Amino acid sequence: MLRTNTCGELTRNDLGKEVTLCGWVQKSRDLGGTTFIDVRDRYGITQLVFNEETAAEVREQARNLGREFVIRVAGKVIERSNKNLKIPTGEIEIAVTELEILNQSKVPPFLIEDETDGGEELRAKYRYLDLRRNPVRNNLVLRHKMAQEVRRYLDGLDFLEVETPVLIKSTPEGARDFVVPSRMNVGEFYALPQSPQTFKQLLMVSGFDRYFQIVKCFRDEDLRADRQPEFTQIDCEMSFITQEDILNVFEGLIRTLFKNVKGIDLIEVPRMTYADAMRLYGSDKPDTRFGMQFVELTDLVKGKNFPVFDNAELVVGINAKNCAAYTRKQLDELTDFIKRPQIGATGLIYLRYNTDGTLKSSVDKFYNEADLKNWAAAFSAEPGDLMLLLAGKKDKVRKQLNELRLEMGNRLGMRDKNTFSPLWVLDFPLLEWDEETERYHAMHHPFTSPKPEDIALLETDPGEVRANAYDMVINGTEIGGGSIRIHDRALQALMFKHLGFSKEEAQKQFGFLMDAFEFGAPPHGGIAFGFDRLCSIFAGLDSIRDVIAFPKNNSGRDVMIDSPSTIDEKQLNELKIKTTV
Ligand code: ASP
């Protein structure tokens with residue numbers, strides 16, 4: 001080895017030892033006849049001291065070192081006079097007697113320190129330098145730990161890690177596929193997996209019983225803070241189980257991760273039906289770090305000649321505790337917030353419950369004191385509270401109020417990153433009406449089983465059929481989802497029919513799976529967790545990009561390797577592909 005120790009491990013206990021360290025020059029300062037250099041590696045920082053009197057030549061050499069030069073130094077561990085108790089090595093320094101430059105460095109384009117002066121784009125271009133910074137590297141250290149814990153936990157429960165192919169045919173997970181042209185089968189394309197869904201089900205048919213994989217998945221979707229074109233799932237499947245078994249095993253996984261990685265004893269994960277989540281939070285992934293549940297007032301407020309309420313399918317509100325003193329300006333801000341095109345509400349109605357017990361609303365013209373008292377009672381409001389109401393079409397208005405609730409949660413500081421509130425959301429609808437294509441889509445995916453008692457509704461009221469599907473939500477982010485699968489050819493065929501597939505289409509796309517179901521498919525089900533999202537929640541970050549070593553930007557580009565890029569005419573010809581741009 002080129003070194004005896006890392007830059008993060010020498011302490012008072014090592015005083016007097018002769019050591020050799022390797023690392024990068026972080027900082028250098030000259031003080032009279034002495035030069036101090038901070039040398040850094042993955043493990044920490046150690047102060048080097050070069051003294052003119054004891055090692056004049058080496059000291060002269062040290063004065064010419066630039067930032068990020070890679071060096072190897074030998075010397076003695078001595079006590080530091082000016083101690084830094086914030087770092088483990090802060091009580092010692094190395095009195096250097098030998099210095100070797102292992103490599104030079106250009107001046108880095110930004111400061112390689114915890115607080116950097118580099119903008120996002122610059123850091124993305126030089127990601128390998130950004131990764132030298134502690135906060136960035138620490139995210140990946142955390143990710144590594146989490147992956148190890150996942151493997152240990154699942155291995156302990158007899159799950160087998162099996163790799164599934166990356167060049168496949170499309171699995172409809174609801175997003176667009178990335179496709180790869182085949183040279184050997186000209187004119188034909190592979191798709192990159194949106195998930196290993198069908199493969200893991202086939203492994204159950206193969207009798208593997210318990211499968212998992214920490215696996216890359218690919219979806220060609222518009223990107224957001226919590227989406228990347230390629231992302232990682234903890235993908236799992238089990239045979240001969242009920243939904244209850246899945247919930248228990250994977251609640252166990254999440255609890256183990258919290259315990260072993262963050263030292264947190266997570267509460268037992270509460271459960272809520274999809275219907276209740278929508279009714280109480282207007283979202284299938286409610287942030288339950290705070291209450292502020294929806295209160296429906298539709299019946300209470302109708303019939304007073306206020307057209308907005310009289311014509312509304314739903315009148316619903318939230319109670320912002322202790323916000324009665326909100327100023328006109330603050331209320332206007334909230335109104336502007338919900339009127340933004342992304343949210344699209346037309347107006348906000350408020351009711352203040354003043355601390356002196358009086359009530360004041362923005363619709364006093366239509367409602368008298370007694371009416372408003374009834375509203376306040378419905379909200380269980382107390383003097384000092386502010387109630388915010390929206391009205392309109394049920395689904396829309398719930399979504400809008402969800403946004404307002406989250407905004408109020410932010411404003412009131414109730415969405416603390418160090419508080420973790422997990423939730424199982426159960427009983428999702430099987431199908432979802434798509435306005436654009438005017439047909440039903442599988443809400444989860446087409447392999448999800450309907451609740452047996454709801455199967456009859458498939459013919460009469462498909463939108464009402466509930467699925468054996470579940471999501472795990474933490475702090476308002478969906479971190480995992482899965483379902484009990486269909487394992488019967490006839491039911492699977494029926495499902496495809498309801499999704500608008502002709503028999504031939506279904507056979508062409510999923511014949512392999514339905515055929516497999518005819519060879520003794522066991523009852524099975526599974527789940528997949530978004531590993532990047534889980535890591536970013538553990539790291540207290542807003543974007544999954546920060547827990548990915550080499551992420552892509554918002555336009556799906558890797559600006560470091562400059563990809564995607566055009567390819568040679570020769571390559572295109574081989575693939576018999578012509579581009580029209
Ligand atoms: N394959 C599903 C997904 O990626 C998860 C599952 O059903 O296991 O969402």
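# Exercises on a predicted model

Val 77 touches Leu 10, Thr 11, Asp 14, Leu 15, Gly 16, Lys 17, Val 19, Ile 92, Glu 93 and Ile 94, leaving out residues up to four places away in sequence. The model is predicted. Work through each task, then read the solution.

## Exercise 1: Val 77

Task: Place Val 77 in the chain and decide whether Val 77 is buried or exposed.

Solution.
- Step 1. Find the element. Val 77 sits in strand β4, residues 70-79.
- Step 2. Read the accessibility. Val 77 has 1% relative accessibility.
- Step 3. Apply the cut-off. Buried means under 20% relative accessible area. Val 77 therefore counts as buried, at 1%.
- Step 4. Look at a distant residue. Met 278 is 201 residues from Val 77 in sequence, and their C-alpha atoms are 63 Å apart.

## Exercise 2: The whole chain

Task: Describe the protein chain by its elements, its span and its surface.

Solution.
- Step 1. Count the elements. The chain has 17 helices and 22 strands.
- Step 2. Take the span. Along its principal axes, the C-alpha trace covers about 95 × 75 × 50 Å.
- Step 3. Check burial. The chain has 581 residues, and 48% of them count as buried.
- Step 4. Turn to the surface. About 29,300 Å² is exposed, with 49% of it supplied by carbon and sulfur atoms.
- Step 5. Sort the contacts. Take those with a separation of 6 or more: 66% of them join residues 24 or more positions apart.

## Exercise 3: The ligand

Task: Find which residues surround the ligand and which side chains make polar contacts with the ligand.

Solution.
- Step 1. List the shell. It holds 14 residues, and the closest are Gln 197, Lys 200, Gln 233, His 444 and Arg 485.
- Step 2. Sort by class. Two shell residues are nonpolar, eight are polar and four are charged.
- Step 3. Trace the elements. α5 (197-205), β21 (477-484) and β22 (524-530) each give at least two residues. β22 gives the most, with three.
- Step 4. Find the polar pairs. The side chain of Ser 195 has an N or O atom 3.1 Å from a ligand nitrogen. Arg 219 has a polar side-chain atom 3.0 Å from a ligand oxygen. For Arg 485, a side-chain N or O atom is 2.8 Å from a ligand oxygen.
- Step 5. Work out the cover. Alone, the ligand exposes 270 Å², and the protein buries 92% of that.

## Exercise 4: The nonpolar cores

Task: Describe the largest nonpolar core and the neighbours of Ile 254.

Solution.
- Step 1. Recall the trend. In soluble globular proteins, nonpolar side chains tend to be buried together.
- Step 2. Size the core. The largest has 42 residues, and Phe 250 and Ile 254 have the most contacts inside it.
- Step 3. Ask where it comes from. Helix α6, residues 243-262, supplies the largest share: nine residues.
- Step 4. Take Ile 254. Beyond neighbours within four places in sequence, Ile 254 contacts Leu 266, Met 472, Ile 474, Ile 479, Phe 529 and Leu 534.
- Step 5. Note the second core. It is separate, has 31 residues, and includes Val 205, Leu 280, Tyr 281 and Leu 458.

## Exercise 5: Two loop residues

Task: Classify Ser 283 and Asn 368 as buried, partly exposed or exposed.

Solution.
- Step 1. Locate Ser 283. It is in the loop between α7 (274-281) and β12 (295-296).
- Step 2. Classify Ser 283. Its relative accessible area is 8%, so Ser 283 is buried.
- Step 3. Follow its side chain. The side chain of Ser 283 reaches the backbone nitrogen of Lys 285 at 2.9 Å.
- Step 4. Locate Asn 368. It is in the loop between β15 (359-361) and α11 (369-378).
- Step 5. Classify Asn 368. Its relative accessibility is 42%, so Asn 368 counts as partly exposed.
- Step 6. Follow its side chain. The side chain of Asn 368 reaches the backbone nitrogen of Ala 370 at 3.1 Å.

## Exercise 6: Unusual backbone angles

Task: Examine the backbone at Phe 240, Asn 475 and Pro 564.

Solution.
- Step 1. Recall the rule. Most residues other than glycine have a negative phi, and most peptide bonds are trans.
- Step 2. Check Phe 240. Its phi is positive, near 55 degrees. At 62% relative accessibility, Phe 240 counts as exposed.
- Step 3. Check Asn 475. Its phi is also positive, about 50 degrees. At 9% relative accessibility, Asn 475 counts as buried.
- Step 4. Check Pro 564. The peptide bond from Ser 563 to Pro 564 is cis, with omega near 5 degrees.

Technical notes
Residues numbered from 1 in each chain as written. Predicted model: local features only at pLDDT ≥ 70, side-chain atom pairs only at ≥ 80, totals over all residues. Heavy atoms only, no water. Near = heavy atom within 4 Å. Polar contact = N/O pair within 3.5 Å; in protein donor to acceptor, adjacent residues only side chain to side chain. Areas by Shrake-Rupley, 256 points an atom, 1.4 Å probe, with all protein chains shown as cover. Helix = DSSP H or I, 4+ residues; strand = E, 2+ residues; numbered from the N terminus. Nonpolar A, V, L, I, M, F, W, Y, C, P; charged D, E, K, R; others polar. Core = buried A, V, L, I, M, F, W, Y, C linked by side-chain atoms within 4.5 Å. Buried < 20%, exposed > 50% of the residue type's maximum accessible area, 1.4 Å probe, protein only. Contact = heavy atoms within 4.5 Å.
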